[in-house]
Amino acid sequence: MARPERILLVDDDDAWLEFCRVALEQAGYAPDTALSGNEALKAAESVEYDLVFTDLQMPPPGDGRAVTLGIKSRWPSTDVVLMTAAPSVDSAIRVLKDGASDYLIKPFPAEALSAVAERILQARQHRAELATERRLREELEAAYGELKRLDKLKEGFLARVSHELNTPLAATLLAIGLLEEEAPEGDPLHKHVARARDAA
């Protein structure tokens, strides 16, 4: 069963493209392929790939740099790895500044391709987990803040209710006390006054 990650392979050399496709399939992936930069950008219009491996030196305007810039502008979270047979420090710096995650020097063994894919996809998964954890923490903090605010409102409400009830209640109890003095224990009114005090 193929792994769920979406990978796109881009190279204008169909033999090399086939080599990369087989290498990734043997590692358990099911990559899509494109024979030109323009074909890759068209494929990426409707699919958000997790990882794109693209040849750097393809005919312009669809070279590897254009593929990197086009995919990163549409899908900023997609990881792009450049493959090149003629690396230089300048080209490496430039592709990394363009948003590429890494680059591979051709020819490389099949294991190198699958190892880079595994490393980048694991890092991507860790980033997603950290983002989820951060979002949940922010939601918890927001919920806790709201709970504290509601608790403060409740305390204020209870204090106000307590004040609003105590004022008339004090007057009621004072009046009942006066009635008790007027209705001694033998008086038939006494039991009504006692019931009023209990209710108050």
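Proline 107 sits in the loop between β5 and α5, and a cis peptide bond joins lysine 106 to this proline. Welcome to a quick tour of this predicted model, which starts at that loop and then moves out to the chain as a whole. The chain has 6 helices and 5 strands, and its radius of gyration of 37 Å is well over the 16 Å that the globule rule gives for 200 residues, so the chain is more spread out than a compact globule.

**Cis peptide bonds**

- For the bond between lysine 106 and proline 107, omega is about -10°.
- Another cis peptide bond joins proline 60 and proline 61, with omega at about 5°.
- Proline 61 belongs to the loop between β3 (51–55) and α3 (64–74).
- As background for both entries, most peptide bonds are trans.

**Aromatic pairs**

- The loop between β5 (102–105) and α5 (110–182) also holds phenylalanine 108.
- The count of aromatic pairs comes to 2.
- One of them brings together tryptophan 16 and phenylalanine 108 in an edge-to-face arrangement, 5.0 Å centre to centre and with 80° between the planes.
- What does this pair tie together? Tryptophan 16 lies in helix α1 (residues 14–26) and phenylalanine 108 in the loop between β5 and α5, so the pair links parts that are 92 residues apart in sequence.
- Ring pairs also bring in Phe19, making a cluster of Trp16, Phe19 and Phe108.
- Are the two partners of the edge-to-face pair buried or exposed? Tryptophan 16 has 15% relative accessibility and counts as buried, because the cut-off is under 20%. Phenylalanine 108, at 7%, counts as buried too.

**Layout of the chain**

- Reading from the N terminus, the elements run β-α-β-α-β-α-β-α-β-α-α.
- The C-alpha trace spans about 115 × 35 × 25 Å along its principal axes.
- Among contacts with a separation of 6 or more, 63% come from residues 24 or more positions apart.

**Surface and charge**

- Of the 200 residues in the chain, 30% count as buried.
- The accessible surface of the chain comes to about 12,600 Å², and carbon and sulfur atoms account for 59% of that area.
- How many charged side chains of each sign are there? The chain carries 24 positive and 35 negative ones, and the centres of the two sets lie 3 Å apart.

How values were computed:
Residues numbered from 1 in each chain as written. Predicted model: local features only at pLDDT ≥ 70, side-chain atom pairs only at ≥ 80, totals over all residues. Heavy atoms only, no water. Phe/Tyr/Trp six-rings, centres within 6.5 Å; stacked < 30°, edge-to-face > 60°. Helix = DSSP H or I, 4+ residues; strand = E, 2+ residues; numbered from the N terminus. Buried < 20%, exposed > 50% of the residue type's maximum accessible area, 1.4 Å probe, protein only. Rg over C-alpha atoms; globule rule 2.2 N^0.38 Å. Contact = heavy atoms within 4.5 Å. Areas by Shrake-Rupley, 256 points an atom, 1.4 Å probe, with all protein chains shown as cover. Lys, Arg positive; Asp, Glu negative; His and termini not counted. Charge placed at Lys NZ, Arg CZ, Asp CG, Glu CD.
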